[in-house]
Amino acid sequence: MCGIVACVGYREVTPVLLNGLKRLEYRGYDSAGIAVRTADGTIAIRKSEGKLSKLVNQLNGSAPRGTLGMGHTRWATHGAPNDVNAHPHTDESGRVVVIHNGIIENYAELRLELKARGHVFQSQTDTEIFAHLVEEEFEKRGGEGAVNLLDAVRASLKRVRGAYSFVVMDARVPDLLIGARHFSPLIVGIGEGENLLASDIPALLEHTRRALVIEDGEVVALTSDVVRIYTLDGGSVEREPFEVTWDVTLAEKGGFATFFTKEIYEQPAALANALRGRVEPQRVALPELAGIDFDRVDRVHIVACGTSYHAGLAGKLALERWARVPVNVEVASEYRYASPVVNERTLMVLITQSGETADTLACFRLARERGAQTLALTNVVGSSITRGADAVIYLNVGPEIGVVATKTYTAQVALLELVALDWAIRRETVGEIKHELLQSFVRLPDLVQAIIGSDHQTEQLAKQVNRYRSAFFFGRGFGYVAALEGALKLKEVSYLHAEAYAAGELKHGPIAMLDPEIPVIAIATQSATLDKVVSNMQEVRARRAPVIAVATDGDTFIAEHADDVIYIPYAPEHLTPILAVVPLQLLSYHVAALRGCDIDQPRNLAKSVTVE
Ligand code: G6P
């Protein structure tokens, strides 16, 4: 995820861009950059790795002056987060300038093609190819005029596959910005004598409250006083602007009260991004795994902390069930001091959304010292865990700002399960079921969307849960993973005491705690062990503890054994650690909101724990 902002008008554009970027920094802060068309008809570019503040300091006293410009804050995907890879990018003449949010999937082939025609690249980004493509197309059309530039952009867009919002300008066309969108957001701000483009409304609000949303497959041309929207084929599109009524602070969170809720609601799109290009009809496409010699592996150690550890538990179930390899899952802070048997035949899978958790990094070093192979799953490009790992799988879900993990967790589970399936396909340990399994990941974003659409179920239940002093969660197999993560969410954001148990363990101690004041949340979705979960629910009800079941749509039978039921769509069992957790994230949010907690920054927690 990146933030983009651009303006064409009458006033000095640099402050407009920097203020806009400040509002978009939540989208990424690996680097920041601006491009301004100056009075002498050339483009001035200033960019810097790191946060926006670094760029602002650099500009102090030497900001480029002009009335047409664009700015970008980056969350790196292709190429390390450094000065060279920071946007904006240009072709070799420096005349065509581009910023981009998204991923160009066919960039490697386009880059080769452009190189063969003599283009020279400066960065490792996928974005830069677009500047070269536009430059070629514009030259073919004579290299002048707004109409030709627009045609050149349209022709170039037809060459790229993937997700994008682009902004393009050219030194030779002084009063024109062109934007295009396919999957990544792009909003037009309509001002007086100036018009703007941005990834999100907050970047516009200081200048105008009149906005237009650009839809997928559209191209927009802006001058200081005209905005025109087109289809890719050149047809014109009419759309009425709307008036933004949000408060700026809320708008920074895209209209959500907290980043936590925003990130819960983002999960369908985040999962779609995480899975994009990675699931094919016959196989899993994870080229990142090329660095692992699977034939050398006779055991897997999954090592992680907190929520990432829960994702690891789901990974173990999938790896053992499908690929038939033995797996241990360990909390990183324990593993490193427990004399683990780790050698060159071990594959250590390190899960860390931040890529910086100290205990996980220590286990990573241990693995490398002992000659084990290492596979890292992280959301942060260039983070410590990625350096020296044999393979790195990026979650690609965009920055997670809420301290408590949501979308990174669901993506971790999905991607670990894809690794398991990939391995199982290589080992031929899954038969025809592989098609059904592959298909389940294709449907996953829609299933999560359906759950988010019925948030009212959890909002009502939260009022009840809020009355209690403690809550228990239980489940079996994949449902146990969901119980663990559900309990962790509730305690992290609402500070309500919550514990999770394997359902069968309840009667070995914890049942002594149960009474009418302790609700038990049972993960009772369709599975091979549902009957046993139902028996455990009956044991709980016999102790007069209220039962809330998370169950599968259409299971009317379950309501006879529970006081309340949260229904989620039917899906194969391995998706339970994702699908059953989404309503529990929402439940935690509503309970925390009723309690007035600081949901985005819960007390005593930190997003990235870099100390032991
Ligand atoms: C902190 C965060 C948790 C996270 C854990 C592990 O405690 O608050 O949300 O699960 O660290 O973080 P990692 O970046 O290694 O996944």
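These legends walk through three close-ups of a predicted model.

Local features here need pLDDT of at least 70 and side-chain atom pairs count only at pLDDT 80 or more, while totals for chains, interfaces and linings use all residues. Residues are numbered from 1 along each chain as its sequence is written, and side-chain values use heavy atoms, with hydrogens and water left out.

**View 1. Who sits around the ligand.** The shell holds 13 residues, each with a heavy atom within 4 Å of the ligand. Ser308, Thr352, Gln353, Ser354 and Thr357 come closest. Sorted by class, that's 5 nonpolar, 7 polar (Gly among them by convention) and 1 charged.

**View 2. Polar contacts to the ligand.** Look for N or O pairs within 3.5 Å. Serine 308 puts a side-chain N or O atom 2.5 Å from a ligand oxygen. Threonine 357 also has a polar side-chain atom 2.5 Å from an oxygen of the ligand, and at threonine 307 a polar backbone atom is 3.0 Å from a ligand oxygen. The protein covers 92% of the 390 Å² of accessible area that the ligand has on its own (Shrake-Rupley, 1.4 Å probe).

**View 3. Helix α5 and Arg154.** This DSSP helix (an H or I run of at least four residues) takes in residues 146–157 and reaches 17 Å from first C-alpha to last. Its buried residues (under 20% relative accessible area, 1.4 Å probe, protein chains only) include Leu149, Leu150 and Val153. They pack against α4, β7, β8, β12 and β13, with contact meaning heavy atoms within 4.5 Å. Arginine 154 is buried too, at 12%, and touches Val219, Tyr230, Thr231, Leu232, Asp233 and Gly234, leaving aside residues up to four places away in sequence.

Methods: A polar contact is a pair of N or O atoms within 3.5 Å; within protein, one must be able to donate a hydrogen and the other to accept it, and residues adjacent in sequence count only if both atoms are side-chain atoms. Helices (H or I, at least four residues) and strands (E, at least two) are DSSP runs, numbered from the N terminus. The expected span of a helix is 1.5 Å times one less than its number of residues. Buried means under 20% relative accessible area, exposed over 50%, partly exposed in between (1.4 Å probe, protein chains only).
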